[in-house]
Amino acid sequence: MTHTMPVAADKILDKSLSNTSPHHTTTDMQPLGQYAHDVYSQDGEDGILFEILTRLGVIDSDGPKWVVEFGAWDGVHLSNSCNLIRNHGFSAVLIEANTKRFKELCTNIPQSNVHKINRFVALEGDQRLDAILTETPIPEDFDLISIDIDGCDYHIWDSLEAYRPKAVIIEFNPTIPVDVPFINPRDFSVQQGSGVKAMDDLARAKGYTSVFVKGGNLFAVRDDLVHLVCPDTPPSIEEMADPDARMFLFVGYDGTLLSNKAEVPMLWHPTNLSVGDMQPLPRKLRRFSGHYGPLQWGWFGLLDYSRRARRWLRGSNSN
C-alpha cells in the first residue's frame, strides 16, 4: 500500500453519489478499466470493484452483502471496503493489527454490522484467517475480500480454505516482472511482496480467474462466476500486466550490470537508483576478463575475496 493524502470531502461526496451505475447486459459491458475511480480507494479500485460486484448481481441483491478487508488501516484511508460499507449497505469484517489504527477504525466505522477485529493473523492454528472468520456470522461464500498487508498477502490468501469469496482484490509488487513467479517468503517479518505471476498462479490453483490488473492490484473472480464478469475469455496475465513495469537486470560480457531501465524506481522509498549505483565492479575492471592482465586479476581477486568474506559474515550473523 502506498500512502497518500486523503481525498477531499466534497470530491468523496460527489463520487459516492455518482457511483450508482445500473446492472449491465453482456452487450454493453465495457472494459473494467473504464470504471476506475476513487471514493476512498487509491488507484481506481472503488469503481472497478463496484462494477465487478454489479455484474455478479451483488449490488442489486436484496440479501445480505459482505466484504472482508485484511489490513484495514483506519477503515477509511485508501480503503477498498469503505465505499461499500458507507454507501452500499455492506456488512463487513475489518481486521487491523495496529492498535492505534484499530481505535481510529472503530471511531470511523461504528456500524454494528461491521465486525472489527484487532489481531495479528497467522498462517496456521487458531489465528488463521479461516478461524477468525468463524467468530463472525459471515457466510462461507461471501462477496469480496481485500488483502493488502505489504508482504505475506500471497500466503494469507493461500491459507484461506473454508471460505470462498466471490471476488478477490489482492496486492502484488508491480516492480517484479510478469515473467517471474516470485513469492514473498512465508515470514511476516519479510516485506518484499509477491509478483503478479505468482498471484495469478495462486488464483488458478484456488479456482479463480484473474479478470483485471491495475497498479499493484490483481482482481480475481471465482471460476463458477467469471462468465458474469467476463463473457469472453479474459486476457492472459501477461497481456493484463503493465508493459512499462517490466524491469530487467542482466550482465554484459565485461561485467557491467545492465537494465532496460535507466533508473530503478524505489516505489516505497522516496528515491530512485541508477544502474550506475549498483555496479559490482569499478569502471577499470569492467572489461572482458580474457583481456585482464596480472594487475587487473590481482585487483579482481581482492574484490572477490572481500565480497565472499562479507557474505560469510552475514551468514554467520544470521545463524
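The following dialogue examines how the descriptions of this predicted model follow from its computed values.

Colleague: How many helices and strands does the protein have, and what does its C-alpha trace span along the principal axes?

Modeller: The predicted model has 10 helices and 11 strands. Its C-alpha trace spans about 80 × 45 × 40 Å along the principal axes. Of the 319 residues, 47% count as buried. The accessible surface comes to about 16500 Å², and carbon and sulfur atoms account for 55% of that.

Colleague: Why is the pair of Tyr292 and Phe300 called tilted?

Modeller: The ring centres lie 6.3 Å apart, and the limit for a pair is 6.5 Å, so Tyr292 and Phe300 qualify as a pair. Their planes meet at 55 degrees. Stacked would require an angle under 30 degrees and edge-to-face one over 60; 55 degrees satisfies neither, and the pair is therefore tilted.

Colleague: What makes Tyr292 buried but Phe300 partly exposed?

Modeller: Tyr292 has a relative accessible area of 11%. Buried means under 20%, so Tyr292 is buried. Phe300 has 28%, a value between the 20% and 50% limits, and is therefore partly exposed. Together with Trp297, these two residues form one aromatic cluster.

Colleague: How many aromatic pairs does a search of the whole structure find?

Modeller: The search finds 6. One of them joins Phe212 and Phe219, with 6.0 Å from centre to centre and 50 degrees between the planes. Since 50 degrees is neither under 30 nor over 60, this pair is also tilted. Both Phe212 and Phe219 are buried.

Colleague: Which residues touch the most other members of the largest nonpolar core?

Modeller: They are Leu133, Trp157 and Leu218, in a core of 38 residues. Helix 7, residues 196-205, contributes the largest share of this core, 5 residues. A second, separate core has 34 residues, including Ile48, Val58, Val67 and Ile85.

Colleague: Which residues does Leu218 touch, leaving aside those up to four places away in sequence?

Modeller: Among them are Val168, Ile169, Ile170 and Phe172, then Val196, Met199 and Asp200, and also Phe212 and Ile237. Of these, Val196, Met199 and Asp200 are buried residues of helix 7.

Colleague: What makes helix 7 mostly covered?

Modeller: In helix 7, 7 of the 10 residues are buried. The elements covering them include helix 6 (153-159), strand 5 (167-171), strand 6 (208-214), strand 7 (217-222) and helix 9 (237-240). After the helix comes Gly207, with a positive phi near 85 degrees.

Colleague: How do you know that helix 2 is mostly covered?

Modeller: The count for helix 2, residues 45-55, is 11 buried residues of 11. These include the charged residues Glu45, Asp46, Glu51 and Arg55. The buried residues pack against helix 3 (82-88), strand 4 (144-147), strand 5, strand 6, strand 7 and helix 8 (226-229). Just after helix 2, Gly57 has a positive phi of about 80 degrees.

Colleague: Why are positive phi values noted for residues other than glycine?

Modeller: Most residues other than glycine have a negative phi, so a positive value departs from the majority. Leu78 has a phi near 55 degrees and sits in the loop between strand 1 (66-70) and helix 3. Asp150 has a phi near 60 degrees and lies in the loop between strand 4 and helix 6.

Colleague: Are Leu78 and Asp150 buried or partly exposed, and what makes them so?

Modeller: Leu78 has 8% relative accessibility, which is under the 20% limit, so Leu78 counts as buried. Asp150, at 29%, falls between 20% and 50% and is therefore partly exposed.

Colleague: Why is Glu104 called partly exposed?

Modeller: Its relative accessibility is 30%. Because this value is neither under 20% nor over 50%, Glu104 counts as partly exposed. Glu104 belongs to helix 4, residues 99-108. Its C-alpha atom is 42 Å from that of Thr233, which is 129 residues away along the chain.

Colleague: How far apart are the mean positions of the positive and negative charges?

Modeller: They are 10 Å apart, for 30 positive and 42 negative charges.

Key: Residues numbered from 1 in each chain as written. Predicted model: local features only at pLDDT ≥ 70, side-chain atom pairs only at ≥ 80, totals over all residues. Heavy atoms only, no water. Buried < 20%, exposed > 50% of the residue type's maximum accessible area, 1.4 Å probe, protein only. Helix = DSSP H or I, 4+ residues; strand = E, 2+ residues; numbered from the N terminus. Areas by Shrake-Rupley, 256 points an atom, 1.4 Å probe, with all protein chains shown as cover. Charge placed at Lys NZ, Arg CZ, Asp CG, Glu CD. Core = buried A, V, L, I, M, F, W, Y, C linked by side-chain atoms within 4.5 Å. Contact = heavy atoms within 4.5 Å.
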